[in-house]
Amino acid sequence: MPAVDRLRLEEALQDSPQTRSLLSVFEEDAGTLTEYTNQLLQAMQRVYGAQNEMCLATQQLSKQLLAYEKQNFALGKGDEEVISTLQYFSKVVDELNILHTELAKQLADTMVLPIIQFREKDLTEVSTLKDLFSLASNEHDVSMAKYSRLPKKRENEKLKAEVAKEVASARRKQHLSSLQYYCALNALQYRKRIAMLEPMLGYTRSQIKFFKKGAEMFTKKMDSFLTSVSSMVESVQGELDTEAEAMRVSQQDLLSVGESVYTPDFDAASPLINRNLIQKAGYLNLRNKTGLVTTTWDRLYFFTQGGNLMCQPRGAVAGGLIQDLDNCSVMAVDCEDRRYCFQITTPTGKPGITLQAESKKEYEEWICAINNISRQIYLTDNPEAVAIRLNQTALQAVTPITSFGKKQENQSPSQDVKNVEMQNDWAAPNEPASIPEPTELIAPGTPIQFDIVLPATEFLDQNRGGRRTNPFGESEDGKKEDEADSLLQQMFVVRFLGSMAVKSDHTVEVIYEAMRQVLAARAIHNIFRTTESHLLVTSNDLKLIDPQTQVTRISFELASVTQFAAHQENKRLIGFVVPISESPGEESMSAYVFESNTEGEKICYAINLGKEIIEARKDPEALAQLMSSVPLTNDGKFVLLNEQSEEDNTVQGDGQEESEA
């Protein structure tokens, strides 16, 4: 190692300018060394702090690895293997944490401590000696100035001796401080080299020791474990690559679709509609009334579940019940100048919720799905097949009639109510052995009337002359007398579905065929509106009454009803056949089809009882026998069914309602 420059101690007493100049060089070097030492200490303290932070971080890492098992992941498939691997890694991290803690302690002892001692001992000593040398030098200069001012002419030996003594003391003090200062500066040149090398030697040795212990601790027992973990990671990465490629291909396929997927109501003219749905889900706009005349529309997600319509707002965990669809009706409505609106009505006729679909396809599929669910098709063993069969039956209405199959011969007549066989000689004559063809019952292409519109002559007959109808629902005197004479009065809530001309009234099959064609035509032409009326069955006639104005819309003599029956599957459907006078001398037969809130067989039972009363009136003994076999009210009228009184409460509802057949 090259020789170190040093201050000559023998020149300290002389204190020449050359010595002072060399001293300033040493002082500058000491100042630079002090500044660098402070910066080096900061860097080493940062390393030590990082190592301490490493200890805390590894400790926290070990705890977090163990905490993975306690996390309640919603998707936790395959976590068992990951949990066991992380637990082993936690043990490894704990062992590494011990090594890191030991390394931090060694760095503090062998790296940070030596540099701190160098700064506090050597550099501080040089700085202190510098201050003492400066004070001694100033005192010597003051004493020399005082000695130089002694008078020459008037010498005072005593004063001269005192000043000389003071100069000697100051010079001795300066000489001592300079010697100490020079020695410290000379020694600093050696200590500087030691102070720079010793901390780094301790740092390096500590790191080597740390790595050696780590290698000895983990090399042998970690090789197989790390190999298995690497294999597992590579396997998962391979699965990820495969899944990513599959998702990329799927994404390209999904993005390659046409604009019809993104554009609402893209094919409004001829959309492909599935009418066999028994489940449906999608977004609809729900109408909410916020004030007397103000409403809001909320876009919510709706789905059917069994016989219920569920609603689930975006972000909600589960959906909630919003409407029971069993026996309800659905109809298209015009609402606030919006397209594709429909309303669900409860079985009692009360208006329910109003919804809006985004396209014609969704609009019609929702109506068909709700209509299928309201029939409780979902309760059958094979609801899909039942829905397809019903809709195929609807499609047959626009196919050639000659292609229809024959009815099954084992169908039971609808006039049997509650297992009580009542032979109806007028409505159900002896059936022929073979079922007639549909063309023999209804002529092909027969038009269907979906609303009750009275002929002009009949309208004039009802409104010309005589007493006018009281707008407050009170009947005329003649009507009161007729009703008073009637032994039977029973009211049913019904909805008119349609009527059509028929060719024969010799079998109830004509009613079943009329029902099939009316329902098929409604389904094909999307006619969902129906008008609620009250069907009054008396022992004299059948009357269809407006529930709001109590005006009789149409009336048939009970004796003229030649056939009546309820549908075998949909028990709420009821139909009957009556002759209609088109012109003087010409008569035709028409079948009327209704949907009731009660079972159609109850209406058939009432009609059958009314016809029996008509026949019994011809024979007083037969009438008395009939009255004795059927319960009567206090005023002498027949009581039909006890449970009917509960259903009659629906007659008191809100006026004219609309529903779906």
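# Briefing: cysteines, salt bridges and paired strands

C335 counts as buried, because its relative accessibility is 9%, below the 20% limit for a buried residue. The model discussed here is predicted. The structure holds 22 salt bridges, but the count of disulfides comes to zero. The points below take up the cysteines, the salt bridges, a nonpolar surface patch and the surroundings of strand β11.

**Cysteines**

- A disulfide is a covalent bond between the sulfur atoms of two cysteines.
- The number of disulfides in this model is zero. C335 takes part in no disulfide, since the nearest cysteine sulfur, that of C341, lies 5.2 Å away, whereas a disulfide requires two cysteine sulfur atoms within 2.5 Å.
- C604 is also classed as buried, because its relative accessibility is 1%.

**Salt bridges between helices**

- Side chains of opposite charge can pair when their charged atoms come close.
- K192 and D29 form one such salt bridge, with their closest N and O atoms 3.7 Å apart. This pair links distant parts of the chain: K192 belongs to helix α3 and D29 to helix α1 (residues 17–67), and 163 residues separate them.
- K192 is partly exposed because its relative accessible area is 21%, and D29, at 28% relative accessibility, is likewise partly exposed.
- E102 and K213 meet through their side chains in another salt bridge, with an N to O distance of 2.5 Å. This pair also links distant parts of the chain, with E102 in helix α2 (residues 79–148) and K213 in helix α3, 111 residues apart.
- E102 has a relative accessible area of 28% and is therefore partly exposed. K213 is partly exposed as well, with a relative accessible area of 28%.

**A salt bridge within one helix, and a network**

- E513 and R516 are joined by a salt bridge whose closest N and O atoms are 2.3 Å apart.
- The two residues are separated by about one helical turn, because E513 and R516 stand three residues apart in helix α9 (residues 509–524).
- Both E513 and R516 are buried.
- K280, K361, E362 and E365 are connected in a network of salt bridges.

**A nonpolar surface patch**

- L255, V257, V261 and Y262 make up a nonpolar patch of about 400 Å² on the surface.
- V257 lies in the loop between α3 (157–255) and β1 (281–289). With a relative accessible area of 35%, V257 is partly exposed, and V257 therefore passes the limit of over 30% that applies to residues of a patch.

**Strand β11 and its partners**

- Strand β11 (residues 541–545) is mostly covered, with five of its five residues buried.
- In a regular strand the side chains alternate between the two faces of the sheet.
- In β11, D541, K543 and I545 point one way, while L542 and L544 point the other way, and all are buried.
- Strand β10 (residues 532–538) runs antiparallel to β11 and is joined to β11 by four bridges. A hairpin with two residues connects β10 to β11, and H534 stands opposite I545 of β11.
- Strand β12 (residues 552–557) also runs antiparallel to β11, and five bridges join the two strands. Here I545 stands opposite T552 in β12.
- The hairpin of β11 and β12 has six residues between its strands, and in this hairpin Q550 takes a positive phi near 60°.

Terms used:
Residues numbered from 1 in each chain as written. Predicted model: local features only at pLDDT ≥ 70, side-chain atom pairs only at ≥ 80, totals over all residues. Heavy atoms only, no water. Buried < 20%, exposed > 50% of the residue type's maximum accessible area, 1.4 Å probe, protein only. Patch = residues over 30% accessible without salt bridge, like charges linked within 9 Å, V, L, I, M, F, W, Y side chains within 5 Å. Areas by Shrake-Rupley, 256 points an atom, 1.4 Å probe, with all protein chains shown as cover. Salt bridge = Lys/Arg side-chain N within 4 Å of Asp/Glu carboxyl O. Pairing = 2+ DSSP bridges.
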